[in-house]
Structures are given as structure tokens and as C-alpha cells.
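Thanks for making time this morning. I would like to walk through one structure, starting from a single helix and working outwards.

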Amino acid sequence: MMHPTYSPGRQQRHRVLTAQRALLPLLLSLGLAGCTLTPPTRTPQIVDSQVHGYDSKQAEQHTAASPTGIGNSGISQHLAYGQQLPAEWWQLFRSPALDKMVREALQNNPSLTAARAALKQAEENYNAASGSLQYPSVSGQLGGSRQQQLLSGSTPSDYNVLSAGLNVSYTLDLFGANRQQLLGLMAATDYQRYQMEATYQTLIFNVVTTAIQEASQRAQLQATQTMLAASEQQLRIVEQQAKLGAVARSNVLSQATLVAQTRAQLSPLEKALDLTRHQLAVYVGKLPSDGDLPEFTLDSLQLPAELPVSLPSELVRQRPDIRASEALLQQAGAAVGVATANQYPQISLTGSFTRERLFVGPATTGLSLWSLGTSVSQSLFDGGALRAKKRGAEAAFEQAQAQYRETVLKGFQNVADSLRAVSADASTLQAQTEAEAQARETLQLTEKRFRLGAVSQLALLDAQRTWQQSRINLISASASRHADSAALFLALGGGWWNRSTTPGNADQSAQARP
């Protein structure tokens, strides 16, 4: 006879609890051991904090100055080493029209919209994985059926069955596979965040430099038109002299040739100007046919008098491309952790509870079922696939390390080149200013001497061509100072870390993560 206080059900539950108590220390020891299986990856230390310059020789803190007569493009710029770049760096050009164009581009440009969507997708992928990997999976079921029971020699009996159940499962993350997978997804989100920041800064740079290019082309077009008017006036003088017999017919033909050559330069300049404005319209999210765009001139764009330059030790935390490469490195390190953890056993806990109720005529019968279980799975033979995957992940991590180092080196090169360009532009503009002034004075003197018959038509044509080319070179040099100043701001990272928010939308609503 069975003992009245000890049933088989209680005996089975006692065995389950005993087994779980025996298994608990093993699981805890495995969990503690698993903490050392996937050590955290660290970003390589490439830049020494004691480094204070971007190249072998420190650039001068003040650039050369020259009176160009084209806006303030001839001022001396001060390189303020150690100062922070403002987030709205384009406002240093002091152009309300440029500010308006940048705001429109940030609101309407499709590339920035696509970058925001890519970031949103990465964030939701992380949220989805976080919910499935960090928390137990709980599912419920509810069912009903109409059944028939037929026993030999008896009348068929119909009855209804209603059931409700709950299932719970959870995989223990003893060896860090889930944790490393989440770190990889978090790194993927950071990568998209810094990619969006890079798109943001590149868009601003493109708008600014395209506006500067338009101003340069407009100035070159106006200078060419002025030269054409002067050449046509000179042609009329030569034609009058030829009628009086003072000069030969060949002089008229030479001057007419210069007029034709100057006029031929107008069409390419007009074409280039139109193409630039088409590009500017696309940057701000408009059709090229949209004529509601401001016109930019070099006089309307103020050259920044002070150029903030971050310290080299800070650059790796400020350039979005370096931060994006660092995120890829962290993602590759997490993949090594996942591949390592996959070589160890996977332990899962499961539980279920089901309640069934049978309706047989006026009578009802209830039935409850529950279960608790633990399962351990381990690959016994896979042909070396898991080890090969780990070696592949380690190789990918080494590749990411090399790419990160290359990105850092190119970033420092970019800044060094921009600093050198800013200094060289000032010297070039100073030389072009002197050359243009001398060419202009030479032309004026030659014109006077030609009217007196002291020089030939050939000398006059040569003086006109020289002044024309020197004027174009002066305009190009002035525009280069503006463009290379913007290039330096972009090379330094664009000042995004000085914003309280990042461009998560047109109004910059996403929280910054410097």
C-alpha cells in the first residue's frame, strides 16, 4: 500500500528540485568562467596626447595679408590652436543668404533623409534583438475543439474541449554570446549615427563651397564682360585710326581677334555658372528649374578672420569618419566574442502550463499539465566549422584595426593638408594681388603710349591679355581662401560635438553621443 502522505507526483517534483539544486553550482561556475571568454576590445592608441602639431613644422598663426579689393578676401587669418570649432561653423562667413541655404538643405536634402532612416533602422534592429535576447520568451495559446469518443459496443459520445496554455523559454547567456551580439548591434547603430553625422557635415560643406564656386564664377564672368567692353572700345579707336590712315589694317584685325576671343569665353563661364546653380538647387532639395535661389558674390561672403583648430589629441573623437571606423572595429570585436561563445554549450530553460476542460453533456472535467525543463546543447562534431568561424572573425577584427588606423592617418593628413592650403592660399593671393596691380598699371600705360604712337598694336594686345589673365587668377585665388577655410572646418570634424543634439531630424532632435 502506498504511503498516504507521499504520492508519485510529489516524488517526481522532489527529484526535479534535487536535480536543479545540484545543477545550480555548475551553472554559476560556468557563468563566472564565461565572463572571461570574450574580453572587451579596445580602440588602438594611435595618437599620443603629447602631440601638438599636425605636421613636422607648426604652421604660422597668422597668414599673409594683401589689399585685393574683393571683399575682405585679403585679410590676415589667425589660426587659433586649441580653440573649439562652433557647431554652426558656416555662420563664420557672415552671409544671411548662405545661412538660409544651409537650413533649407538640412531640412530637404534626400541624402540626409536617407541617413536618418538608416539610423532609425539600426536602432530598431537593436531594440528587436534586445527584447529577444535579454528577456525570456513567453507565449500563450488558447484553443477549442469538438471531439467524438466511440467505444466498442457503445453509442458515440460528442464533447467539447477547451484548452489554455502558457509557455516560457529562456537561453542562459553564460558565455556572453547574447551580450556580444547586442554589443555588435549597438556598434552598428553607432556606425550609422556617425555616418549620418558625416553626411550632415559633408552636405553643409558642399552647400558652402558650391556657393563660393558660384561667387567665383560670377566674378569671373563680370570681369570678362568688363574686359570685353574695354576691348570693344579699343577696337572702335583702332578702326577710327585706320580710317585716318594712322595704323594699318592688320592692327584692326588683331584687335578684332582679341574681342572675338574674349567674347568666346563668356559662353563657357555662363554654362559653368548655370550648372553650379543647378547643383546648389539639388543640395537644398529643389528642382534645377526652381529659380528661388539667392545669388552669391565674393563681396557677400566674409572670409573668417579666426580659424579655430582643435588639438591633434582631440581629433580622433571629433571626426565622424574616425568614430564610424571605431564603431566598425567594435562590431568586429563583438563578432569575435560571438564566435568564441558559440563553441561552448548552450543551456536553455523551459516551462509550460496547460489547462484543459472537457464538456461532456452536463458534466465537466478539468485537467492541468505543467512542466519544467533544462536542456544543454553542444556541437560534438562540425568538421571544424566553429573554430574556422572564430578564426575568420579574428581576421575580420585585424582588418578593422588596420582600416581604423588608416582612417586616423588620413584624417590627420586631411587636417595637415588643409592647414597648409590656408597658409599657401594667403601667400598665393598676395602674389596674385601684386601681379594684377602691375598688369593693370602696365595696361594703362601701354594704352596711353599706343594713342601717342609710341608702341605697337602687338604690345597693346599683350598687355590686355596679361591683365585679363591676372584678373581671373586674382578672383580664383580669392575664392580658394574661402573654400579652403571651409575645407579646414570639415577636416576638423565640423564642430558637431559642441551641439547639445545631433541631426536626428531637420530640427536636430536626436540626443548627441560625443
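**Helix α3 and what surrounds it**

In helix α3, the buried residues are Leu112, Ala115, Arg116, Leu119, Ala122, Ala129, Ser130 and Leu133, where buried means under 20% relative accessible area, exposed over 50%, and partly exposed in between, with a 1.4 Å probe and protein chains only. Before going on, I should say that this is a predicted model, in which local features need pLDDT of at least 70 and side-chain atom pairs count only at pLDDT 80 or more, while totals for chains, interfaces and linings use all residues. Residues are numbered from 1 along each chain as its sequence is written, and side-chain values use heavy atoms, with hydrogens and water left out.

Helix α3 covers residues 110-134 and has 25 residues, helices being DSSP runs of H or I of at least four residues and strands runs of E of at least two, numbered from the N terminus. From its first C-alpha to its last, α3 reaches 36 Å, close to the 36 Å expected at 1.5 Å a residue, where the expected span is 1.5 Å times one less than the number of residues. What covers the buried residues of this helix? The cover includes α2 (96-108), β3 and α4.

Turning to the interior, the largest nonpolar core has 85 residues, of which Tyr54, Trp89, Leu98, Val207 and Val208 touch the most other members; such a core is a set of buried Ala, Val, Leu, Ile, Met, Phe, Trp, Tyr and Cys residues joined through side-chain atoms within 4.5 Å. Helix α4 (residues 177-243) gives the most to this core, with 17 residues. Val207 touches Leu98, Met101, Val102, Ala105, Leu280 and Tyr283, leaving aside residues up to four places away in sequence, and contact here means heavy atoms within 4.5 Å. A second, separate core of six residues includes Leu172, Phe175, Ala341 and Ile347.

Next, the backbone at Arg94, which lies in the loop between β1 (78-81) and α2. Arg94 has a positive phi of about 55° although it is not a glycine, whereas most residues other than glycine have a negative phi. Is the residue buried or exposed? Arg94 is exposed, with a relative accessible area of 59%.

Finally, for the whole picture, the secondary structure of the protein chain comes to ten helices and eight strands, and of its 514 residues, 39% count as buried.
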